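Visitor: I would like a close look at a single part of this protein. Please begin with that part and then work outward to what surrounds it.

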Amino acid sequence: MNRLFRIGYCLFRLWTHDITYGTMTLFLQQRSNLSSAFNNVISIIPSFLNSSISAHRIRELVELPREVHIPESAELDALAQNGFTEQMQDLSFAYVEGTNVITDSRFVARPGEIVDLIGPSGEGKTTMIRLILGLVCPQSGRALIRAADGTEVTMNAETRHLFCLCTTGQHHSFRYHCREYAYRQGRCHRRGNH
């Protein structure tokens, strides 16, 4: 419709002898070139925003303190067959001192259980995952992994391979993938479709 209007306007100006045929052709051609260039510039904006967000997240990871490696964690490998309990006890964490992201949190995930972390953006789900993975250390409380025989080790870089962490945008897929992974690892029995 917009294009028809432009052509009609040019034909009207040509008919009233306000412009020549060459001027009309030049106007239509340059308008098309300008529109194409403008659309190309506008299409860069979403890519720029995505790049900016990615750069911010990479910067956050680079600024994280060095990972903790606890040599005693290797002892847990021999106990993997009976599964592990991941637990947080009275845990508090802040990226900036005095501004807690997580306060006095308690969390338990037992062998074969599927636990979903759901909630609005900015409520601490990613921070909780970072604590579970041992990427960050709490200011107070404990994040630990416990074997069936009672052996406990603080979550750290050496304990990540002992449990399954699946993330996806769809709640149902999260449950299916974790259950399938746990089933394939022999950590739980297959139950009906959920």
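Which elements do the buried residues of helix 3 pack against?

Guide: The model is predicted, and what follows is computed from it. The buried residues of helix 3 pack against one helix and three strands: helix 2 (21-63), strand 1 (84-96), strand 2 (99-109) and strand 3 (140-147). Helix 3 itself covers residues 125-132, and its buried residues are Thr127, Met128, Arg130, Leu131 and Ile132. An α-helix has 3.6 residues a turn, so residues three or four places apart point the same way. Among the buried residues of helix 3 are Thr127 and Arg130, as well as Met128 and Ile132.

To place helix 3 in the whole, the protein has four helices and four strands. Along the sequence these elements follow the pattern α-α-β-β-α-β-β-α. The chain has 194 residues, of which 26% count as buried. Of the contacts between residues at least 6 apart in sequence, 55% join residues at least 24 apart. The protein exposes about 13800 Å², and carbon and sulfur atoms supply 55% of that area.

After helix 3 comes glycine 134, which has a positive phi near 75°. Gly134 is also one of the residues that line the largest cavity. Leu131, a buried residue of helix 3, belongs to the same lining, together with Val136, Cys137, Pro138, Ala143, Thr154 and Met155. The volume of the largest cavity is about 50 Å³, and the count of cavities of 30 Å³ or more comes to one. By class, six of its lining residues are nonpolar, two are polar and none is charged.

Helix 3 also contributes to an open site. The second largest pocket has a volume of about 550 Å³. Its lining has 20 residues, and those closest to the pocket centre are Glu60, Tyr95, Thr126, Thr127 and Arg130. Helix 2, strand 1 and helix 3 are the elements that each give two or more residues to this lining. Helix 2 supplies the largest share, with five residues. Helix 2 and strand 1 are also among the elements that the buried residues of helix 3 pack against. Thr127 and Arg130 are buried residues of helix 3 and are also among the residues closest to the centre of the second largest pocket. The lining of this pocket divides into seven nonpolar, six polar and seven charged residues, whereas the lining of the largest cavity has no charged residues.

From the cavity the path leads to threonine 159, by way of Thr154. Thr154 lines the largest cavity and is touched by threonine 159, as are Ser73, Leu76, Ile145 and Val153. Threonine 159 sits in the loop between strand 4 (152-154) and helix 4 (171-184). Although it is in a loop, threonine 159 is buried, with a relative accessible area of 0%. Its side chain reaches the backbone oxygen of asparagine 156 at 2.9 Å. Isoleucine 145 is 14 residues from threonine 159 in sequence, and their C-alpha atoms are 7.7 Å apart in space.

Two backbone details complete the account. Most residues other than glycine have a negative phi, and most peptide bonds are trans. Aspartate 90 is not a glycine, yet has a positive phi of about 45°. Aspartate 90 lies in strand 1, one of the strands against which the buried residues of helix 3 pack. The residue is partly exposed, with a relative accessible area of 37%. Histidine 17 also has a positive phi without being a glycine, at about 60°. Histidine 17 is found in the loop between helix 1 (2-15) and helix 2, and is exposed, with a relative accessible area of 72%.

Terms used: Residues numbered from 1 in each chain as written. Predicted model: local features only at pLDDT ≥ 70, side-chain atom pairs only at ≥ 80, totals over all residues. Heavy atoms only, no water. 1 Å grid on protein atoms, 1.4 Å probe; cavity = no way out; pocket = protein on both sides within 12 Å on 5 of 7 lines; lining within 4 Å. Points joined across faces, edges and corners; volume = space filled by probe spheres on them. Nonpolar A, V, L, I, M, F, W, Y, C, P; charged D, E, K, R; others polar. Buried < 20%, exposed > 50% of the residue type's maximum accessible area, 1.4 Å probe, protein only. Contact = heavy atoms within 4.5 Å. Areas by Shrake-Rupley, 256 points an atom, 1.4 Å probe, with all protein chains shown as cover. Polar contact = N/O pair within 3.5 Å; in protein donor to acceptor, adjacent residues only side chain to side chain.
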